[in-house]
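Trainee: I would like to learn how to read a fold from its coordinates, beginning with a sheet and ending with the packing of side chains. Could we work through one case together?

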Amino acid sequence: MQEFDVAIVGGGMVGASCALALAGSGRSVVLIEGVAPDSAAQPSFDERTTALGNASRRIFEGLGVWAQLAPQAAAIRAIHVSEAGRFGFARLNAAAQGIDAFGYVVANRVIGAALWQALANASGVSARVPARPESVVIAPDAVTLVIADAAGAREELKARVVVAADGAHSVVRAAAGIDASVEDYGQVALVVNVQADRPHDGTAFERFTSAGPLAVLWTVAPAHAARLLALGDAEFLVELQASFGWRAGCFVRAGRRASYALKLTRAAASVALRTALIGNAAQALHPVAGQGFNLGLRDAAMLAELIAADDGDPGAAALLEQFAAWRASDRSGVIRFTDGLIKLFGDARRSVGVLRNLGLLLFDLAPPAKSALARVSAGFGGPGPRLARGLGRARAPTRG
């Protein structure tokens, strides 16, 4: 049986980032992932895109991967929010906030490739891929995992702490006995890359429609999604144009379409005995505000910081409780923010619609409100990870 300080289950963008943040810390880390990162079947690294806030950019800079991402990142220099069929809108400009960009849009496959390329040479990190946990037994002194590779060969591993980065249906979370609440939004995200007849000018559009919000991804009711997926490209583009409008130009080409159901999953706790939850294992959010991955990345950076800086047991209750306390405010704030947006713009009452649009107009005329929203990507409170503040990794104490 091989022993490690930290076992991370899930090698998607959050789990891989956590492993990379622990590289060189003196901690022994094993990263367990069920699908090879370069496989076409890898669900985390597809053609979907992620909007990285500036705090996430700084984390990736500290991890040494931003230089690889930057050439393929599209800067968000302006944001335009509107509601179909109503007069209200709001605009934000990065230059007016004294920043170069609100964030950067990068394809998930690009992020995944950069992280795993860096992990290939990371000190102190071992990978088991493709491999899946068949059992996770959590005891007061250690966590024992039995994993199986693609051929069915089994291996037993022991770790002092297990990190659940295995998504909304987390096996590790279940093994730790942590409950999770699930709220179905009754929406399906329709994901497609489209080409317009003019280049973008760095503006991100968010348009709320009666069927659901439409931005980089389109959310609609399940029956509506099934119909849109069945349309030919030309018919689909007509419907997309009618819902989105003409601010981005005329849509002339559509790529492959995909869809997935949207639910809010909240773990009842982010830590348990020798267990820490990060990313979607802790909270899986609606993508309306593009905050899910950014929140999960701050989870990963903070957990790695605490483990690296401590010279004791990485699975000690005190360390895990500190992680939970430091992440609680940010976690609850982002959940309330994204959930509130969906429910606010999903309310079909006429009086609420009028108030919504008045609110958008007032927001557009209120510089302090815009400044506050521009800082959302830094988090909703609590101590920020060193990497997110551009301070570099936590210094590892000397270990024997």
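Mentor: Let us begin with strand order, bearing in mind that this is a predicted model. Here an open sheet is built from three strands in the order β3-β7-β4, and their pairing is antiparallel. The edge strands, each paired on one side only, are β3 (49-53) and β4 (74-76), and neighbouring strands of the sheet are turned against each other by 30 degrees on average, with direction ignored.

Trainee: Over how many bridges do β4 and β7 pair, and which residue in β7 is the bridge partner of Ile 76?

Mentor: β4 pairs with β7, residues 103-107, over three bridges in the antiparallel sense, and the partner of Ile 76 is Gly 103. Helix α4, residues 108-119, packs on this sheet, where α4 touches β3 and β7 and runs at about 85 degrees to the direction of β7.

Trainee: How should I read a helix such as α8?

Mentor: The general idea is that an α-helix has 3.6 residues a turn, so residues three or four places apart point the same way. In this model, α8 covers residues 292-309, and its 18 residues reach 26 Å from first to last C-alpha, close to the 26 Å expected at 1.5 Å a residue. The helix is mostly covered, with 16 of its 18 residues buried.

Trainee: Why does Gly 296 count as buried, and which residues does Gly 296 touch beyond those up to four places away in sequence?

Mentor: Gly 296 counts as buried because its relative accessibility is 0%, which is under the 20% cut-off. Leaving out residues up to four places away in sequence, Gly 296 touches Val 14 and Gly 279; Ser 17, although 279 residues away in sequence, has its C-alpha 9.8 Å from that of Gly 296.

Trainee: And what should I look for in the nonpolar interior?

Mentor: Look for the residues that touch the most other members, which in the largest core, of 56 residues, are Ile 8, Phe 60, Leu 69, Leu 119 and Ile 278. The largest share of this core, nine residues, comes from α8. Phe 60 has contacts that include Leu 52, Ile 111, Phe 293 and Leu 297. Apart from this core lies another, of 21 residues, among them Ala 7, Val 30, Val 143 and Ala 282.

Trainee: How many disulfides does the structure hold, and are Cys 18 and Cys 250 buried or partly exposed?

Mentor: There are zero disulfides. Cys 18 is buried, with a relative accessible area of 1%, whereas Cys 250, at 26% relative accessibility, counts as partly exposed.

Key:
Residues are numbered from 1 along each chain as its sequence is written. This is a predicted model: local features need pLDDT of at least 70, side-chain atom pairs count only at pLDDT 80 or more; totals for chains, interfaces and linings use all residues. Side-chain values use heavy atoms; hydrogens and water are left out. Two strands pair if DSSP finds at least two bridges between them. Helices (H or I, at least four residues) and strands (E, at least two) are DSSP runs, numbered from the N terminus. Axes are lines fitted to C-alpha atoms, for helices over the stretch in contact, and angles run from 0 to 180 degrees between N-to-C directions. Contact means heavy atoms within 4.5 Å. Buried means under 20% relative accessible area, exposed over 50%, partly exposed in between (1.4 Å probe, protein chains only). The expected span of a helix is 1.5 Å times one less than its number of residues. A disulfide is a pair of cysteine sulfur atoms within 2.5 Å. A nonpolar core is a set of buried Ala, Val, Leu, Ile, Met, Phe, Trp, Tyr and Cys residues joined through side-chain atoms within 4.5 Å.
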